[in-house]
Amino acid sequence: MHLHFCKYQGAGNDFILLDNRDGLIRLSRQQIALLCDRHFGIGADGLMLLQTADEVDFEMIYFNADGGESTMCGNGGRCIAAFARRLGIDQSPLRFKAIDGMHEARFLPSMEVALQMQDVNAIEREEDVVLLDTGSPHYVQWVADVEAVDVPTEGKNIRQQDRFMPAGINVNFVHKKDDTLYIRTYERGVEAETLACGTGITAAAIASVGSDTGHFNIPVQARGGRLSVQFEKTGVDQASHIVLTGPAQFVFEAGIEV
């Protein structure tokens, strides 16, 4: 089968995008993993199918680099919105369906994409750790310096703890300097550190305000770029009106046989 694809990246979090509005693309887990492989395939942190859906502009189907269908990807959501616009689906806001529900994406004059995320209704706190789900489950650990952390080793160890199995969890190491959060993330499904993780950045921003309530706009610096998270903290363990804003850039398009 010949596939025409586009490659996009959001703060270094990169994706293979496929237009499947005709419903003809059928890929196995092994084929997706091969396409995402950085040595034998195209190379990406994940692959997405853009498909038709009732009452919205499109549906987003997301697969991790290991080929398994996964939970919500925030950077992926911004990139697939940019891809939809490239395909001529030129609404602003765009409304689309993902595995965790409905989302809206707006295109900003800065060429960034602002993505509405799902509300958070539960936050679990431990010493120096916050657990919450922002469309994907996240473990946020506060550290003195993210650059001093062995993210591949420590992230993998936490991700595979018995209490998080069998699905595992995404692991974020975060410190705050001045008004900015600095973050590094070990992503399940990729099984490695990624240059940015949208749901992880969202989780860290919400975790950073503790039990405070009100309106917040938190800048977050990932290894691949700078993003921001706006939200309203309506209670100790609730956050709503969450918007993840950052770059979503076209890289190239090509074809490949699978």
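These exercises work through selected features of a predicted model.

**Exercise 1. Helix α2**

Determine how the span of helix α2 compares with expectation, and whether the helix is enclosed or open.

Solution.
- Step 1. Locate the helix: α2 covers residues 74-86, which is 13 residues.
- Step 2. Take the expected span. At 1.5 Å a residue, 18 Å is expected.
- Step 3. Compare. From first C-alpha to last, α2 reaches 19 Å, close to that value.
- Step 4. Check burial. The cut-off for buried is under 20% relative accessible area. Eleven of the 13 residues of α2 are buried, so the helix is largely enclosed by the rest of the structure.
- Step 5. Name some of them. The buried residues include Arg78, Cys79, Ile80 and Phe83.
- Step 6. Look past the helix. Gly88 follows α2 and has a positive phi, near 100°.

**Exercise 2. Cis peptide bonds**

Find where the cis bonds that lead into Pro93 and Pro166 lie.

Solution.
- Step 1. Take Pro93. The bond from Ser92 to Pro93 is cis, and its omega is near 10°.
- Step 2. Place Pro93: it sits in the loop that links α2 to β5 (94-98).
- Step 3. Take Pro166. Met165 is joined to Pro166 by a cis bond with omega of about 10°.
- Step 4. Place Pro166: its loop runs between α3 (151-159) and β11 (170-177).

**Exercise 3. Positive phi outside glycine**

Classify Ala11 and Glu191 as buried, partly exposed or exposed.

Solution.
- Step 1. Note the backbone of Ala11. Its phi is positive, near 55°, and the residue is not a glycine.
- Step 2. Place Ala11 in the loop between β1 (2-10) and β2 (13-19).
- Step 3. Apply the cut-off of under 20%. Ala11 has 2% relative accessibility, so it counts as buried.
- Step 4. Turn to Glu191. This non-glycine residue also has a positive phi, about 60°.
- Step 5. Place Glu191 in the loop between β12 (180-187) and β13.
- Step 6. Partly exposed lies between the buried limit and 50%. Glu191 has 33%, so it is partly exposed.

**Exercise 4. Thr194**

Describe the surroundings of Thr194.

Solution.
- Step 1. Place the residue: Thr194 belongs to strand β13 (residues 192-194).
- Step 2. Check exposure. Thr194 is buried, because its relative accessibility is 3%.
- Step 3. List the contacts. Leaving aside residues up to four places away in sequence, Thr194 touches Asn13, Asp45, Thr185 and Glu187.
- Step 4. Add the polar contact. The side chains of Thr194 and Glu187 are joined at 2.7 Å.

**Exercise 5. A surface patch**

Identify the nonpolar patch that contains Phe250.

Solution.
- Step 1. Place Phe250 in strand β17 (residues 249-257).
- Step 2. Check exposure. Phe250 has a relative accessible area of 34%, so it is partly exposed.
- Step 3. Assemble the patch. Phe250, Val251 and Phe252 together have about 240 Å² of accessible area.

Notes
Residues are numbered from 1 along each chain as its sequence is written. This is a predicted model: local features need pLDDT of at least 70, side-chain atom pairs count only at pLDDT 80 or more; totals for chains, interfaces and linings use all residues. Side-chain values use heavy atoms; hydrogens and water are left out. Patches are made of residues with over 30% relative accessible area and no salt bridge: like charges are joined within 9 Å, nonpolar side chains (Val, Leu, Ile, Met, Phe, Trp, Tyr) within 5 Å. Accessible areas come from the Shrake-Rupley method with a 1.4 Å probe; for residues, only the protein chains shown count as cover. A salt bridge is a side-chain nitrogen of Lys or Arg within 4 Å of a carboxyl oxygen of Asp or Glu. Helices (H or I, at least four residues) and strands (E, at least two) are DSSP runs, numbered from the N terminus. Buried means under 20% relative accessible area, exposed over 50%, partly exposed in between (1.4 Å probe, protein chains only). The expected span of a helix is 1.5 Å times one less than its number of residues. A polar contact is a pair of N or O atoms within 3.5 Å; within protein, one must be able to donate a hydrogen and the other to accept it, and residues adjacent in sequence count only if both atoms are side-chain atoms. Contact means heavy atoms within 4.5 Å.
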